[in-house]
Each structure stands twice: as structure tokens, then as C-alpha cells.
Amino acid sequence: MIMAIPSTNRPRLARQARLNWDPVREQHVLLAPEGVTVLNQTGATILGLCDGERTFAEVVEELRGKYDRVADEEVRDFLARLAAKRLVELGDE
Amino acid sequence: MSRPYGMLAELTYDCPLHCPYCSNPLNLADYNDELTTEEWQRVMVEARDLGVLQLHLSGGEPLQRRDLAEIVGSARDLGLYTNLITSALALTPRRAEELKDAGLDHVQISIQADEPTLSDRIAGTPSYERKVEAARMVKELDRDWPLTLNVVLHRHNIDRVGQMLDLAEELGADRIELANTQYYGWAWRNRSALLPTREQLDRSEKIVRAARERMREKMEIIYVIPDYYSKYPKPCMGGWGSQQLTVTPTGGVLPCPAAHTLGLPRASVRERSLAWIWDESPIFNRFRGTEWMPDPCKSCDRREIDFGGCRCQAFQLTGDASRTDPACHLSPDHEIVEEAVRAANEDARPGKEDLIPRVKAGRRA
């Protein structure tokens, strides 16, 4: 089940996950105990902003400074999907 | 050709435990001429250049290597995600700190049961108390250091899955892996004494489902059923020579840890580069892709899902590694697996047969 992330939530990378650059395949990856999740540039940028300090609203705000078109719902779904896979932790609100 | 994401580094087959389900080879004494620190460092560079992102440090018992922290440090310098799979017997606070400082990403501690008598009996040595102590110490050292508790399930301990989950929760583990025994190496020798009954499996699955519901946020629960009881075979290694490789203590390179049983031409990092072995070696090409497949796999819709199952299991059960894995209900050899399952369910008393402990023959202690 995909949960709705409130705008005031402060998401961060799960403690078992590490954001990395794969030099051979030239792509961003999220490394965790049993798996590698391939990310596109946008995905990597979003996760780079999820530091447990910024709120979801602030993450989206910063993305708007970098990209032309940022849909709230897409960012929300992206993070919720990773949270369901325990790669992102939804923090304090 | 795809590139491997993960490398299993079997640093040594030395181990203080004697688990009767160990997947290590039976001829442990043939693996004494272990790779040096420098050789492992070279292999890790070659692995990174080949595309490996995750390094699983296992054995045997990797802590038997005094240079473990050094190996972890080199792996981290290369950007690899490091995962230690250990019995934790030798995980003293000093060594734990050393590993933490070296950048070890994730600790997996094996436990044989949730209580000392059974756990020590299966491990073949007093070990339970020290394992639990080590698990606590990992979390005391750093609450954020990811910890997984590994339990291999079989006829003798599967009825205690509920208590194992409680223990993992109490220890503050982030994950628990409850994996039914896979029948290779020593486990193959002990199969009839280890294979659980259908009733045992049904009960444990129910408990796992309820626990997942209850601990959804708190702890990840991985549960692996024995393929003897499943309809389709396991997609072994995500395809032969497709995503993973294993390096043995003496530098042998294998598509999966059990592949030494198949009698294919050997490949070693002491003779060839990892890239050559991955791309060119006969052992890695033998069962790559779908060309080698016989029917029913060849024409099966699932051929790119489970890749014909496990080559080592096909060999073990039929004597021919290129047959469909008999665990598959579509295999013409499925009767072999059904027979073993029938036998396991005819007599539901656990411990009817003695377990043969893993021992290293031909070497003085």
C-alpha cells in the first residue's frame, strides 16, 4: 500500500541505504543490503535533498528551482514507493 | 552482456561452527591456500571495474581472517557496499569498532535458534550467548548500524519461528532473514533429517504473515520457503552469469557458490582477470541465457523468470546439470522431489536421524 506523505514530513534515506554513482554503467544507484535500485538523475537529485532536515514541501520547492516542471504527486509517489521498499524513512513532522 | 552487481567473497572456509546445513564444500581441507590481502584487494578493484557494487563478505567465518577490516576498508575506498555475513563468535567490541571505522555498511549475524540449548546443538558448539551478546553490542556501538539476524530454518527449529521473531525484535534488528535450508554441501548430506513437513511450513508461514502485519514499520522480515515445496524453482542467482559471482577462498570464480559441484572447467583469479572469467570462461558461459535449455524450459513462458531453476540442484538430483530443475512441477524429474517430500511427511517426528556436523577432515585442529 502506498502511503500519503504529508508536506510537513522530513524524509531521509534509510540507514541501510547508500546513494552512489555506478561508474561502469554510468548511472545513479541506491545500494541496500540485498539489492541495487537504479535511479535516474531526477531521482538521485530528490534523494540528495532528503536529509531528514528538509520537509517534503521544502524538497519540492528546491526541485522547482532546478527543474521546469515538478509535480508534487510524482515526487510523493516516488518517495512513497521507496519508503515501502524501506529505502527511505519518513521522519518527523 | 550484463555485468555483475554483486560479488560473494568467501574469504575462508575456516569456521568455529559445525552447522549440519552448511553450504560449503565437503572437501574443506582443499581450500587452505587462501588468497592474500593483496590478492583480495586486486580482485576487488577488478570487480569494481567489472560493475560490482555490492560485496558480500562471507565464508566459512570471515572473522577468522585477521585482515577483514583492511579488506572492508579497501572495498569502501572503491565505493562498494559492504555486507558482513558472520557467526559473530569472534566479534569482540574491538573488532566491531575496527569494522565500523573501516566503513562496514551492514552486519548480518547468524543464529541457529532462539534459545541456547537448541542453537548450540545445531551449531555444534556453545555459541548462542556470545552471538546474542555480539548482536546487542553492534546496536550499542551505533544504533544506526544496520543489523540483520539470519536464521536457517529446518525441521529442528522451524517450529520456533515466532520466538525467533521476538528475539530479533528484542535485539533491535532492522531485518530478519528466515530462510529455509537449501540442499547443497553439508545440507545435502543431511537432507532427510532437515527437510520440514508441510504442516510445519504452513504453521511458520502463518506466524510470519502475522508478524509482518504487526511489525510493518519496525522490522523487515524476509522469509524463504524451501523450493522442494514450491510450484516453480527458484530463479537461481537471477540467471547464470547474469548478476552475481562468487570468489572462493583460494581464488576460484563461480557463477554460484555451489557450482564447484558441476565438474565444469575451473577459473581462478590467480590465472585470469575477473573480466576475462566473466566474459569468456567456459564455466560462466555454459548456462548463460536460454540457448542451453531443454524442454519444458525452452518453450516455457517463465524461462526468463526462473531461468530453468538451479543447475546445481538439477545435477544433484538427476546427474545432468542441463536438465530442468526437478523442483519445478513441470520437470519430467519432479517425482524425485515429490518422493523426498513424501518421506519427510510420513514421519513427522523431528530428529529421527542424526545430523552429520560439518567438520574439516585431514587437517589438525
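I'll start with one residue: setting aside neighbours within four places in sequence, Ser7(A) contacts Thr55(A), Phe56(A) and Ala57(A). Keep in mind throughout that this is a predicted model. Ser7(A) sits in the segment ahead of strand 1 (12-13) of chain A. Is Ser7(A) buried or exposed? Neither label fits: Ser7(A) has 13 other C-beta atoms within 10 Å and is partly exposed, because the exposed class stops at 12 or fewer and the buried class starts at 20 or more. Ser7(A) also has a C-alpha to C-alpha distance of 11 Å to Val75(A), and 68 residues separate the two in sequence.

Staying with chain A, the helices. Helix 1, residues 41-49, and helix 2, residues 56-66, of chain A have axes that come within 10 Å and cross at roughly 135°. The two helices of chain A are therefore oblique to each other. Which residues make the contact? From helix 1 of chain A they are Thr45(A), Ile46(A) and Leu49(A), and from helix 2 of chain A they are Val59(A), Glu62(A), Leu63(A) and Lys66(A). Sorted by class, that contact has four nonpolar, one polar and two charged residues. The crossing of helix 1 and helix 2 of chain A is right-handed.

Now the helix pair in chain B. Helix 1 (residues 37-50) and helix 2 (residues 68-77) of chain B have axes that come within 10 Å, with a crossing angle of roughly 20°. That angle makes helix 1 of chain B roughly parallel to helix 2 of chain B. This crossing in chain B is right-handed. On the helix 1 side of chain B, Thr37(B), Trp40(B), Gln41(B) and Met44(B) meet Glu70(B), Ile71(B), Ser74(B) and Ala75(B) of helix 2. The classes there are four nonpolar, three polar and one charged.

Next, the sheet. Chain B has an open sheet of nine strands with mixed pairing, in the order 7-6-5-4-3-2-1-8-9. Why do strands 7 and 9 of chain B have one side without a neighbour in the sheet? Strand 7 (220-224) and strand 9 (253-254) of chain B stand at the edges, each with a single partner strand, so one side of each is left unpaired in the sheet. Further in, strand 4 (residues 106-110) and strand 5 (residues 147-153) of chain B run parallel and are joined by four bridges. Ser110(B) has Asn150(B), in strand 5 of chain B, as its bridge partner.

Last, the contact between the chains. Chain B contributes 17 residues and chain A contributes 12 residues. The side of chain B that touches chain A consists of four nonpolar, six polar and seven charged residues.

How values were computed:
Residues numbered from 1 in each chain as written. Chains lettered and ligands numbered in written order. Predicted model: local features only at pLDDT ≥ 70, side-chain atom pairs only at ≥ 80, totals over all residues. Pairing = 2+ DSSP bridges. Contact = placed C-beta atoms within 7 Å. Nonpolar A, V, L, I, M, F, W, Y, C, P; charged D, E, K, R; others polar. Axes fitted to C-alpha atoms, helices over the stretch in contact; angles between N-to-C directions. Parallel < 35°, antiparallel > 145°, perpendicular 65-115°, else oblique. Left-handed = near helix turned anticlockwise from the far one by under 90°.
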